[in-house]
Amino acid sequence: MQLVHLTDLHFGCEDKAALAAAARYVADNKPDAVIITGDISKDGLASELNDACAWMRELAAQVMVTPGNHDVPYYEMWGRLAYPWARFNAAAKGLHTDAWHTPDWSVVAVNTARPWQFRMNWAQGEISPGQTAVAGAELQRAAPGALRIIITHHPLDWPNDAPIKGLTRGGLRGQEKLIDAGAELFLSGHLHFASARLIGRRALSVVSGTLSQRVRHEPCAFTVIRRPLQDAIETEVVYIVQGVCQTASVRQFKLNTP
């Protein structure tokens with residue numbers, strides 16, 4: 001099994017060379033699926049969202065996508081209040097957005113972005129108890145032996161060495177409950193930074209880099225996920241330098257599964 005994890009495409013300030021390189025990588029390596037964890041646009045404009053999803057449809061693999069905080073009408077207060085996800089939902093028709101179950105994996109999306117919040121920084125994320133319960137129940141539909149994956153835009157537990165600081169409300173509680181429900185892999189973005197960390201010994205958290213011009217401390221990047229053994233997950237971080245994909249690191253993590 002091989003999955004390609006992309007995030008933070010930010011159409012409107014996308015890196016065209018990086019997008020082309022990622023598309024070539026998918027065409028050459030033929031992964032089983034491409035998972036995209038939000039912020040596909042810069043300002044949540046219909047044109048940006050439509051262009052992003054059109055690019056996804058041209059990839060040589062099936063795509064699953066979930067929205068990020070930039071995918072609401074970013075500078076339009078009425079749009080945030082009245083139709084925060086209408087443009088994203090219209091643009092993403094035909095792509096996988098709901099839970100996706102196969103014999104090899106179950107991918108469950110949780111929207112951690114909010115159109116507005118009772119705090120100053122609306123860019124940060126939240127996972128509610130209701131969302132956690134629904135996602136946990138969906139994981140129970142996984143086929144025996146399938147890799148159980150949760151995808152969010154914001155990391156539920158932010159890495160200590162992340163280039164930006166923040167907090168996903170309900171993230172630690174939600175992550176623990178989802179692991180109890182069987183989650184083995186968490187994929188997220190938002191940080192424009194590649195990271196992979198074990199959560200205890202039962203699950204792995206992976207954050208991928210950006211394919212936009214808004215880089216932070218590292219080049220444009222994405223992550224390839226493989227499952228060489230039933231109890232192991234391999235991550236390959238791929239940097240894109242001058243339009244060329246280069247392996248930055250390969251790591252293997254062993255899980256203590258029930």
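Here is a short briefing on one sheet, the helix lying across it and a few residues around them. The model is predicted. At its heart for our purposes is an open sheet of six strands with mixed pairing, and helix 1 (residues 16-29) lies across several of those strands. Thr 37, Lys 16, Asp 8 and His 10 then offer some local detail, starting with Thr 37 in strand 2.

**The sheet**

- Reading across the sheet, the strand order is 3-2-1-10-11-12.
- Strand 3 (63-66) and strand 12 (244-254) form the edges, each pairing on one side only.
- On average, neighbouring strands of this sheet are turned by 20° against each other, with direction ignored.
- Strand 2 (residues 33-37) and strand 3 run parallel and are joined by four bridges.
- If you would like a residue pair to look at here, Val 34 has Val 63 in strand 3 as its bridge partner.

**Helix 1 across the strands**

- The strands that helix 1 lies across are strand 1 (2-6), strand 2, strand 10 (220-229), strand 11 (232-241) and strand 12.
- Relative to strand 10, helix 1 runs at about 20°.
- Lys 16 is found in helix 1, and this residue counts as exposed because its relative accessibility is 59%, where exposed means over 50%.
- The side chain of Lys 16 makes a polar contact with the side chain of Glu 14, at 3.1 Å.
- Lys 16 and Lys 254 are separated by 238 residues in sequence, and their C-alpha atoms are 36 Å apart in space.

**Thr 37 in strand 2**

- Thr 37 has a relative accessible area of 0%, so this residue is buried, the cut-off being under 20%.
- A polar contact of 2.8 Å links the side chain of Thr 37 to the side chain of Thr 7.
- Setting aside neighbours within four places in sequence, Thr 37 is in contact with His 5, Leu 6, Thr 7, Thr 66, Ile 151, Thr 152, His 153, Leu 187, Ser 188 and Gly 189.

**The loop between strand 1 and helix 1**

- Asp 8 is found in this loop, between strand 1 and helix 1, and His 10 has its place there too.
- Phi of Asp 8 is near 50°, a positive value in a residue other than glycine.
- For His 10, phi is likewise positive and near 50°, again in a residue that is not glycine.
- Asp 8 is buried, with 0% relative accessible area.
- His 10 is also buried, and its relative accessible area is 0%.

Technical notes. Residues are numbered from 1 along each chain as its sequence is written. This is a predicted model: local features need pLDDT of at least 70, side-chain atom pairs count only at pLDDT 80 or more; totals for chains, interfaces and linings use all residues. Side-chain values use heavy atoms; hydrogens and water are left out. Two strands pair if DSSP finds at least two bridges between them. Helices (H or I, at least four residues) and strands (E, at least two) are DSSP runs, numbered from the N terminus. Axes are lines fitted to C-alpha atoms, for helices over the stretch in contact, and angles run from 0 to 180 degrees between N-to-C directions. Contact means heavy atoms within 4.5 Å. Buried means under 20% relative accessible area, exposed over 50%, partly exposed in between (1.4 Å probe, protein chains only). A polar contact is a pair of N or O atoms within 3.5 Å; within protein, one must be able to donate a hydrogen and the other to accept it, and residues adjacent in sequence count only if both atoms are side-chain atoms.
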